[in-house]
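Got your viewer open? Let's walk through this structure one selection at a time.

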Amino acid sequence: MSQCLNPECLNQNPSDTKFCQQCGSKLLLAERYRAIKIIGQGGFGRTFQAVDEFKPSQAFCVIKQFFPEVQDRQNMEKTAELFAQEAVRLEGLGKHPQIPELLAFFTQDNRQYSNMI
Ligand SMILES: [Zn+2]
């Protein structure tokens, strides 16, 4: 299964497809992470279970998609900043068994993502 990341679509595609069959969005994030399913939803956005296709083991990882429920631009910028700060904070914490390890932070299709284990 390959979960479309477009919030207006969220179509589930066969696992070997590169683009969503419904909306045409790229299914690979940063050319390597493929979302499998939604595992959480909140005010900040969605959390997906994903596969890292660069790893021979095809290990599972977690991708957080920043997609705030706020409409106005000012709040959008503020929450985008908070999301970026959280990413920096997580990276600063380094390896710890109770805290997810941040592997990447990137923007695709105007949406921010962070990738954790
Ligand atoms: Zn789609």
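Start by selecting glycine 42 and glycine 45: they are bridge partners, with glycine 45 sitting in strand E5. Keep in mind as you look around that this is a predicted model.

**The hairpin around you**

Now widen the selection to strand E4, residues 33–42, and strand E5, residues 45–52. Together E4 and E5 make a hairpin, and 2 residues lie between them. The two strands run antiparallel and are joined by 8 bridges.

**Zoom out for a moment**

Colour the whole protein by secondary structure. How many helices and strands are there? You should find 1 helix and 8 strands. Following the sequence, the order goes β-β-β-β-β-β-α-β-β. The helix, H1, covers residues 73–93.

**Back along the chain to E3**

Next, pick strand E3, residues 28–29. E3 pairs with E4 in the antiparallel sense, over 2 bridges. Click leucine 29, and you'll see tyrosine 33 of E4 standing opposite. The hairpin of E3 and E4 has 3 residues between the strands, and alanine 30 there takes a positive phi near 50 degrees.

**Across the sheet from E5**

Go back to E5 and add strand E6, residues 60–66. This pair is antiparallel too, with 7 bridges. Select glutamine 49, then look for its bridge partner in E6: that's valine 62. Stay on valine 62, because there's another neighbour to find. Which residue of strand E8 does valine 62 stand opposite? It's methionine 116. E8 spans residues 111–116, and its antiparallel pairing with E6 runs over 5 bridges.

**Into the core**

In soluble globular proteins, nonpolar side chains tend to be buried together. To see that here, select Leu29, Ala35, Ala50 and Ile63: within the largest nonpolar core, which has 16 residues, these four touch the most other members. E4, E5, E6 and H1 are the elements that each give two or more residues to this core. E5 supplies the largest share, with 3 residues.

Now click leucine 29 again and show what surrounds it. Leaving out residues up to four places away in sequence, leucine 29 touches Leu5, Ile63, Gln108 and Tyr113.

**One last look at everything**

Select the whole chain again. Of its 117 residues, 22% count as buried. Among contacts between residues at least 6 apart in sequence, 31% join residues at least 24 apart.

Key:
Residues are numbered from 1 along each chain as its sequence is written. This is a predicted model: local features need pLDDT of at least 70, side-chain atom pairs count only at pLDDT 80 or more; totals for chains, interfaces and linings use all residues. Two strands pair if DSSP finds at least two bridges between them. Helices (H or I, at least four residues) and strands (E, at least two) are DSSP runs, numbered from the N terminus. A nonpolar core is a set of buried Ala, Val, Leu, Ile, Met, Phe, Trp, Tyr and Cys residues joined through C-beta atoms within 7 Å. A residue is buried if 20 or more other C-beta atoms lie within 10 Å of its own, exposed if 12 or fewer, and partly exposed in between; C-beta atoms are placed from the backbone. Two residues are in contact if their C-beta atoms, placed from the backbone, lie within 7 Å.
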